[in-house]
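With the structure open in your viewer, please follow the stops below in order, making each selection before reading on.

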Amino acid sequence: MNSTELENMIRAILADNLNGAVGSKATPNAIFHQVEDAIIAGYGAYRQYMAEALALRTKIITALREELAPLISEMSERAADETGMGNALDKIAKNTAALANTPGIEDLTTRALTGDGGMVLFELSPFGLIGAIAPSTNPTETIINNTISMLAAGNAVYFSPHPGAKNVSLWLIEKIEGIIYRASGIHNLVTTVANPTFDATREMMAHPRIALLAVTGGPAIVDMAMKTGKKVIGAGPGNPPVLVDETACPIKAAKDIVDGAAFDHNVLCIAEKSVIVVDSIADRLVDNMQKNGALLVSSVADVAKLRQVAITEKGEANKKLVGKSPAVILQAAGLSAPFAPRLIIVEVGKDDPLVLVEQLMPVLPIVRVKDFDEGLALALVVENDLHHTAIMHSQNVSRLNRAAKTMQTSIFVKNGPSYAGLGIGAEGFTTFTIATPTGEGTTSPRTFARKRRCVLTNGFSIR
């Protein structure tokens with residue numbers, strides 16, 4: 001037996017002893033029947049984990065990348081089948097990005113200051129046990145992304161999956177826990193409950209062992225988390241406009257917009273939700289969007305039918321059609337198409353509910369404006385001070401800069417599809433928790449670490 005095998009055996013024995021001490025042997029690892037048991041087991045795992053070297057974090061993350069990669073197709077199909085939202089092919093791209101492009105411990109940089117008075121270190125350390133809430137729109141992507149980020153920062157994680165994605169979420173969490181245990185000898189660094197209900201989530205939020213809440217979901221669940229008095233990293237809603245001025249290339253802009261808005265049937269919160277285009281280029285843009293698989297519904301009566309099925313009488317998105325395919329939405333509206341469209345596009349006025357309500361559907365409203373100034377003013381109204389995401393197509397650098405400064409969104413994509421803002425097909429790391437309400441923006445391991453200050457007086461200044 002070599003030293004590595006001996007080390008893993010010792011870790012396994014210690015982990016089993018700890019699990020026995022907290023009474024978790026009566027329930028499976030990772031998935032528990034009671035919130036209390038899951039939290040106690042997760043906190044015990046965190047206490048073990050924090051005593052380990054940083055190298056173990058990298059070992060775990062490497063194992064997750066290697067062992068989850070062959071499961072991406074299966075988890076994508078499971079998610080699409082269970083939630084009825086999006087499509088497996090695009091979910092494969094999202095899961096791949098989450099697994100390969102979420103940063104590890106390299107994101108945890110140390111800052112040092114030295115002078116006559118000595119030295120100060122600013123280090124990033126774990127919070128402890130994080131309560132993470134995952135959505136039904138991006139369930140597996142969020143769980144993978146959060147797991148890597150939170151474990152890289154040294155935390156353990158209690159996941160509260162959306163009931164609408166319960167089966168695939170529990171399946172994935174169990175797989176993740178097994179991989180982590182084989183890599184580290186520590187059980188229950190990732191836990192959850194077998195029945196993830198609203199009451200279970202509320203109990204988790206209030207538990208004193210939960211040090212931090214990370215919420216990827218709608219405004220109601222973010223508000224509930226904020227009322228706990230705990231530190232919250234909250235990812236809220238968005239209604240991203242895409243602004244196209246007359247200097248843009250209509251061919252590229254059209255392809256990028258269709259690619260972004262059609263991706264996974266528009267369930268991404270960063271996806272293009274409306275197009276605001278300067279009138280002089282609008283015809284060419286719409287023509288090229290159709291060449292890229294978009295179906296233009298131009299009849300006033302037919303647009304009204306789409307509006308009626310997409311937006312409820314309460315002025316909200318029809319949840320039954322969120323993430324559904326264009327074919328399903330057309331059928332619900334009693335409309336037909338001569339081909340299988342990737343996206344449905346309609347031209348409407350600036351006050352249309354299709355423009356002002358975040359639909360999360362592949363129905364993209366287009367609004368014409370006379371010039372860039374009018375377009376930017378409308379984009380602000382449409383984005384509704386959510387400060388989430390905006391996209392712009394232009395060759396005018398000054399306008400791009402002005403729009404970015406004016407919109408003040410967490411993500412601003414220039415001359416590309418919206419998903420470039422997640423590091424998919426573009427530079428930058430991937431995240432599926434975009435914490436706009438609480439100000440962190442695109443999250444990474446350093447987001448889930450607290451800054452600590454360590455001071456040494458009268459030494460270590462060698463300048």
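Begin with the interior of this predicted model, where the largest cavity holds about 50 Å³ of space. A search for cavities of 30 Å³ or more gives a count of 1. To see what surrounds the largest cavity, select Pro241, Val242 and Leu243, then add Leu376, Ala379, Ala390, Ile391 and Met392, and finish with Ala403, Met407 and Phe412, which together line that space.

Next, colour the chain by domain, giving one colour to residues 31–236 together with 443–454, which make up domain 1, and another to residues 241–427, which make up domain 2. If you place a marker at the centre of each domain, taken over C-alpha atoms, the two markers will stand 32 Å apart.

Now turn to the place where the two domains meet, at which 13 residues of domain 1 are in contact with 12 residues of domain 2. The area buried between them is about 1000 Å², and carbon and sulfur atoms give 55% of that area. On the domain 1 side, select Gly86, Asp90 and Lys94, since these deserve a stop of their own: they supply 35% of the area that domain 1 buries against domain 2, more than any other three residues.

Keep Lys94 selected and add Asp264, with which Lys94 forms a salt bridge whose closest N and O atoms are 2.6 Å apart. Between domain 1 and domain 2 the count is 2 salt bridges, and there are also 7 residue pairs in polar contact. Colouring by residue type the side of domain 1 that touches domain 2 will show 3 nonpolar, 7 polar and 3 charged residues.

Note on methods. Residues numbered from 1 in each chain as written. Predicted model: local features only at pLDDT ≥ 70, side-chain atom pairs only at ≥ 80, totals over all residues. Heavy atoms only, no water. Domains from an automatic or database assignment. Contact = heavy atoms within 4.5 Å. Buried area = accessible area lost by both parts, 1.4 Å probe. Salt bridge = Lys/Arg side-chain N within 4 Å of Asp/Glu carboxyl O. Polar contact = N/O pair within 3.5 Å; in protein donor to acceptor, adjacent residues only side chain to side chain. Nonpolar A, V, L, I, M, F, W, Y, C, P; charged D, E, K, R; others polar. 1 Å grid on protein atoms, 1.4 Å probe; cavity = no way out; pocket = protein on both sides within 12 Å on 5 of 7 lines; lining within 4 Å. Points joined across faces, edges and corners; volume = space filled by probe spheres on them.
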